[in-house]
Amino acid sequence: RSLVELLDPRNGERILDLGCGDGTLGVQIQAAGSDVLGVDTSPELLQAASGRGLKVDRVDGQDLTFCDEFDAVFSNAALHWMTDAESVV
């Protein structure tokens with residue numbers, strides 16, 4: 001099963017794609033009817049994700065200020081870049 005299948009996104013859910021990269025997986029989640037916000041620190045990757053139709057914001061995963069705004073957080077191949085794991089989790 002793919003990571004997106006394991007997430008099992010549902011229509012109307014609000015999902016944070018942490019370290020969204022170019023938005024490939026976020027767009028798949030969005031296709032399931034979820035409201036996805038992709039965050040990353042790379043302007044180039046955010047531009048690519050936005051170009052795919054993903055809502056994006058430039059946010060450092062180690063400095064998140066969201067509180068009870070999402071039904072789920074999805075991250076693939078990003079957490080290992082964040083050296084302050086406690087601030088992310």
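## A helix across two strands

In this predicted model, helix H3, which covers residues 43-51, lies across strands S2 and S3, and its direction makes an angle of about 165° with that of S3.

## The sheet beneath the description

Strands S2 and S3 belong to an open sheet of four strands, whose order is S3-S2-S1-S4 and whose pairing is parallel. Strand S3 (55-58) and strand S4 (72-74) stand at the edges with a single partner strand each, so one side of each has no neighbour in the sheet. On average, and with direction ignored, neighbouring strands of this sheet are turned by 25° against each other.

Within the sheet, strand S1 (residues 14-18) runs parallel to strand S2 (residues 35-40), and five bridges join the two. Looking at a single position, one finds that leucine 16 has leucine 37 in S2 as its bridge partner.

## Two nonpolar cores

Which residues form the largest nonpolar core? This core has ten residues, namely Val4, Ile15, Cys20, Ile29, Val36, Leu46, Ala49, Leu54, Ala72 and Phe74, and at least two of them are supplied by H3 and at least two by S4. In soluble globular proteins, nonpolar side chains tend to be buried together.

Cysteine 20, a member of this core, is in contact with Gly38, Val39, Asp40, Leu46, Ala49 and Leu54, once its neighbours within four places in sequence are left aside. Apart from the largest core lies another one, of six residues, which include Leu16, Leu37, Val59 and Phe70; Leu16 and Leu37 are also the bridge partners described above.

Note on methods
Residues are numbered from 1 along each chain as its sequence is written. This is a predicted model: local features need pLDDT of at least 70, side-chain atom pairs count only at pLDDT 80 or more; totals for chains, interfaces and linings use all residues. Side-chain values use heavy atoms; hydrogens and water are left out. Two strands pair if DSSP finds at least two bridges between them. Axes are lines fitted to C-alpha atoms, for helices over the stretch in contact, and angles run from 0 to 180 degrees between N-to-C directions. Contact means heavy atoms within 4.5 Å. A nonpolar core is a set of buried Ala, Val, Leu, Ile, Met, Phe, Trp, Tyr and Cys residues joined through side-chain atoms within 4.5 Å. Buried means under 20% relative accessible area, exposed over 50%, partly exposed in between (1.4 Å probe, protein chains only).
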